[in-house]
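Hello,

I am passing a structure on to you, and I hope you enjoy looking through it. Please open it first, and then read my notes below.

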Amino acid sequence: MLSLLGILGPLNIDMYLPSFPEITYDLHTSATLVQTSLTACLIGLAIGQLIIGPISDAQGRRKPLFIATLLFALASLLCAFAPNIIVLIGARFLQGLTASAGVVLSRAIVRDVFSGKELTKFFSLLMVINAVAPMIAPMAGGAILAFEFTTWKTIFLFLSFIGIVIVIIVAIHLKETLPPENRIPSSIGATVMTMGDLLKERSFIGYALIVGFVHGGSFAYVSGTPFIYQDIYGVSPQLFSVLFGINGLAIITGSFVIGRFGEIISEKTLLQIAVSIALTVTSVLLIMTIIRGPLAAIVSLIFIYMITMGMVVTSTFTLGMEKQGHRAGSASAILGMLPLLLGSIFSPLASISEGSAIPMGAILFSTSLIGFITFFLLVKKST
């Protein structure tokens with residue numbers, strides 16, 4: 001059930017990607033505006049976590065999750081019947097806003113139920129499933145479009161159906177995991193105070209900045225490689241899908257490393273290893289983009305980078321959530337919001353210089369460098 005909640009965000013982001021050309025034609029709009037609908041979804045996912053996380057700390061997990069997922073189903077219907085691109089962009093923002101409940105509350109519920117090594121194992125499992133979702137979502141969207149009687153609208157109808165299924169599952173099976181005695185006051189002032197207390201914790205803000213920049217920086221890879229692989233290196237769309245998909249395996253590998261070796265080596269040490277390798281790999285990658293190195297080198301370096309990204313995301317969420325207890329919703333919101341917010345900034349910058357891979361390489365190197373420095377300034381010496 002928690003896995004289904006966790007993949008709602010990735011499905012919402014990636015499932016309609018194959019339908020971009022059809023949406024552009026059907027709504028008589030530009031490719032840029034269709035891409036803006038994706039940015040609107042990312043911003044909604046980021047803002048929604050900041051809203052729903054603190055609400056769940058005050059009201060419990062079950063009720064906000066039920067309401068938000070029901071609204072997600074309605075927002076998906078609005079997308080399906082959007083008469084023009086402006087309405088679609090607005091509806092996509094609402095989709096992201098409401099889908100964020102599944103993302104942020106699945107992590108908060110895990111923290112309510114588990115602790116210690118069990119928390120690490122379960123977070124690792126969620127990360128593996130969340131890594132598979134972006135691999136499957138575009139293929140699922142493409143499969144839906146393969147039928148003669150389906151259109152891009154069918155994808156959003158399918159997402160609405162998934163939302164209804166989750167609402168039913170939550171209503172029947174999900175028990176409240178945050179008892180009333182562990183909740184915090186519900187007010188804007190209390191929410192701001194809780195967020196402020198979290199941001200005063202040296203180690204927590206360190207974990208948040210590391211995952212924010214390293215994971216957020218990876219969106220430059222997501223938006224940059226379709227053009228780099230196909231336009232610069234002449235890769236076919238089919239081969240691009242394969243090259244893109246194998247990086248999901250890299251994320252799974254990184255998450256597995258944390259889950260498997262977290263009992264033997266401290267997670268903080270594994271995080272240090274991850275940010276160090278990420279910095280080394282992205283520095284070489286930047287050089288490769290400058291000299292326009294071979295495609296095999298670019299693909300191999302990105303694969304290693306994505307392994308470290310899987311390690312970073314899993315370990316920062318585990319370490320950052322471990323001591324939060326009753327404010328796990330707020331902590332989960334901050335940890336989940338930063339990558340999306342920063343990703344929405346880095347994503348368009350990856351294509352700032354047409355016909356060049358250097359912007360992507362520079363972003364991945366810069367964000368890895370910030371993550372590396374943050375670890376030693378805020379995390380390594382904290383207790």
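**What I found**

At 2% relative accessibility, T367 counts as buried, because the limit for that word is under 20%. Please keep in mind that this is a predicted model.

T367 is a good place to start. The residue sits in helix α15, which covers residues 358–379. A polar atom of the T367 side chain has the backbone oxygen of L364 at 3.2 Å. Not counting residues up to four places away in sequence, T367 touches F213, V214, G217 and F346.

Two of those names bring us to the aromatic rings. The structure holds six aromatic pairs. The rings of F213 and F346 have centres 6.4 Å apart and planes at 45 degrees, so this pair is tilted. F213 belongs to helix α10 and F346 to helix α14 (residues 328–349), so the pair ties together parts that are 133 residues apart in sequence. Are these two residues buried or exposed? F213 has 18% relative accessibility and counts as buried. F346 counts as buried too, at 13%.

Next comes S218, which lies in helix α10 (residues 202–232). S218 is buried, with a relative accessible area of 4%. Its side chain reaches the backbone oxygen of H215 at 2.5 Å. Which residues is S218 in contact with, leaving aside its neighbours within four places in sequence? They are Y305, M309 and L364. L364 is also the residue whose backbone oxygen lies 3.2 Å from the T367 side chain.

Now for the nonpolar cores. The largest one has 107 residues. The residues with the most contacts inside this core are L88, F156, I210, Y229, L271, I302 and M306. Which helix gives the largest share of this core? That is helix α13 (residues 295–321), with 14 residues. There is also a second, separate core of six residues, and F213, F346, A350 and I363 are among them. The tilted ring pair described above, F213 with F346, is therefore made of two residues that count as buried.

F156 is worth a look of its own. Not counting residues up to four places away in sequence, F156 touches Y16, S76, C79, A80, L88, R92 and Q95. Ring pairs also link F156 with Y16 and W152 into a cluster. In addition, R92 lies over the face of Y16, at 4.0 Å from the ring centre. Y16 and R92 both appear in the list of residues that F156 touches.

Finally, two loop residues. H28 is found in the loop between α3 (20–26) and α4 (31–59). The phi of H28 is near 55 degrees, a positive value in a residue other than glycine. H28 is exposed, with a relative accessible area of 73%. R292 is found in the loop between α12 (267–290) and α13. R292 is not a glycine either, yet has a positive phi of about 50 degrees. With a relative accessible area of 52%, R292 is exposed, because that word applies over 50%.

If you want a short route through the model, you could begin at T367 in helix α15, go on to S218 in helix α10, and then visit the cluster of Y16, W152 and F156. The loop residues H28 and R292 can come after that.

Best wishes

Technical notes
Residues are numbered from 1 along each chain as its sequence is written. This is a predicted model: local features need pLDDT of at least 70, side-chain atom pairs count only at pLDDT 80 or more; totals for chains, interfaces and linings use all residues. Side-chain values use heavy atoms; hydrogens and water are left out. A nonpolar core is a set of buried Ala, Val, Leu, Ile, Met, Phe, Trp, Tyr and Cys residues joined through side-chain atoms within 4.5 Å. Buried means under 20% relative accessible area, exposed over 50%, partly exposed in between (1.4 Å probe, protein chains only). Helices (H or I, at least four residues) and strands (E, at least two) are DSSP runs, numbered from the N terminus. Contact means heavy atoms within 4.5 Å. A polar contact is a pair of N or O atoms within 3.5 Å; within protein, one must be able to donate a hydrogen and the other to accept it, and residues adjacent in sequence count only if both atoms are side-chain atoms. Rings of Phe, Tyr and Trp (its six-membered ring) pair if their centres lie within 6.5 Å; planes under 30 degrees apart count as stacked, over 60 as edge-to-face and the rest as tilted. A charge sits over a ring if NZ of Lys or CZ of Arg is within 6 Å of the ring centre and within 35 degrees of the ring normal.
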